[in-house]
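User: Could you take a close look at one part of this model for me? I'd like a single connected walk-through rather than a list.

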Amino acid sequence: MQRYADAMRATLRRVSLTLVALSLAHVMGCTTVSGSGRSQLNMLSPEEEESLGEQAYAEELDGAESITPGPDYERVMRVSERVFESANRTHPIARTVSWEVVLIDDPEMVNAWALPGGQCAVYSGLLGVADTDDMLAVVMGHECAHATSRHSGERITQEVLGDMLANTAFVLADMPPEGQEAVMAGLGLGGLAFSRSHESEADEIGLMISADAGYDPRASITLWQRMNAGSPGSIEFLSTHPSESTRIARLQRIMPEAMRLYEARTRR
């Protein structure tokens with residue numbers, strides 16, 4: 001019994017040290033998301049995020065075939081340029097990156113992405129679903145919002161701290177799995193839910209970016225309905241996104257604000 005008590009005290013000390021480290025990380029790495037005001041835990045600097053983005057960009061484009069010139073290329077460049085300008089106007093952090101976009105020739109891939117350094121890609125398969133400039137702008141605004149919200153750094157921080165727990169506190173091998181899951185959930189380290197929260201935030205911030213760029217935000221409803229009813233590529237794209245009903249209800253709730261931005265921009 002004494003050995004058991006000593007082991008429990010040692011385990012509690014390890015857990016306490018881990019939680020102290022997490023608390024220090026929270027104090028040192030707490031930032032605010034531009035556009036939502038949410039506090040986020042991000043232990044990476046913008047420069048570190050940008051460096052990682054550059055590496056990822058080179059890897060993603062290795063072997064990929066880009067489309068240039070042509071009508072699809074011109075449309076992606078035209079819409080992206082206006083969305084980038086809007087991001088720069090509305091989010092000071094956007095002005096610290098060098099936005100660029102490439103159109104990748106992959107008709108089966110319904111996707112787009114943006115990296116922390118401002119490097120973006122649109123796959124040609126997306127253009128068949130987002131077949132108007134307004135819908136394409138919604139997607140580009142969404143992806144830009146991931147970059148301006150520093151979601152990549154936040155996700156990396158989450159994974160690092162998750163590994164930290166696994167390697168220290170979870171020397172708690174005697175704790176049943178449901179107990180381990182409860183600790184992880186209590187610390188906000190649930191991977192899928194966390195990812196969906198990022199997607200919801202990017203939906204809302206991105207809609208404001210595209211509306212400020214002069215693109216009709218009402219197109220977002222049609223776009224996400226199409227994506228949810230679409231091809232296997234669009235299903236893969238939406239695998240960590242909120243459900244259609246949740247997403248549309250949220251977008252409709254903020255639509256009046258987005259429409260004010262859109263109407264103000266188009267009146268100029």
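Where does Arg150 lie?

Analyst: Arg150 lies in the loop between helix H5 (133-148) and H6. Before going further, keep in mind that this is a predicted model.

Let's start with the backbone. Arg150 has a phi near 60°, which is a positive value in a residue other than glycine. As for its surroundings, Arg150 is buried, with a relative accessible area of 11%. The cut-off behind that word is under 20% relative accessible area, so the 11% of Arg150 falls on the buried side.

From that loop we can step into helix H6 itself, which covers residues 151-167 and holds Glu154. The side chain of Glu154 meets that of Arg38 in a salt bridge, 2.8 Å from N to O. Arg38 sits in the loop between strand S1 (30-32) and strand S2 (39-41), so this pair ties together parts that are 116 residues apart in sequence. The two partners have their own surroundings: Glu154 counts as buried at 3% relative accessibility, while Arg38 is partly exposed at 28%. The pair also belongs to something wider, since salt bridges that share partners join Arg38, Glu154 and Glu201 into one network.

Now for another helix pairing. Helix H8 (residues 191-212) carries Glu204, and helix H11 (residues 244-266) carries Arg250. Their side chains meet in a salt bridge with an N to O distance of 3.2 Å, so parts 46 residues apart in sequence are tied together. Glu204 also forms a salt bridge with Arg253, where the closest N and O atoms are 3.3 Å apart. Arg253 lies in helix H11 as well, so this pair links parts that are 49 residues apart in sequence. On accessibility, Glu204 is partly exposed at 23%, whereas Arg253 is exposed, with a relative accessible area of 57%. Across the model, the salt bridge count comes to 12.

There's one more backbone detail worth a stop, this time in another loop. A cis peptide bond joins Thr68 and Pro69, with omega about -15°. Pro69 has its place in the loop between helix H2 (46-61) and helix H3 (71-90).

Zooming out, the chain's secondary structure comes to 11 helices and 5 strands. Of its 268 residues, 45% are buried, and Arg150 and Glu154 are both in that category. Among contacts between residues at least 6 apart in sequence, 70% join residues at least 24 apart. The accessible surface comes to about 13,500 Å², and carbon and sulfur atoms account for 55% of that.

Finally, a word on confidence. The chain has a mean pLDDT of 80, and 72% of its residues reach 70 or more. Residues 1-20 stay under 50, and the model gives them 11 contacts beyond four places in sequence. Residues 178-194 are also below 50, with 22 contacts in the model beyond near neighbours in sequence.

Key: Residues are numbered from 1 along each chain as its sequence is written. Side-chain values use heavy atoms; hydrogens and water are left out. A salt bridge is a side-chain nitrogen of Lys or Arg within 4 Å of a carboxyl oxygen of Asp or Glu. Helices (H or I, at least four residues) and strands (E, at least two) are DSSP runs, numbered from the N terminus. Buried means under 20% relative accessible area, exposed over 50%, partly exposed in between (1.4 Å probe, protein chains only). pLDDT is the predictor's confidence in each residue, from 0 to 100. Contact means heavy atoms within 4.5 Å. Accessible areas come from the Shrake-Rupley method with a 1.4 Å probe; for residues, only the protein chains shown count as cover.
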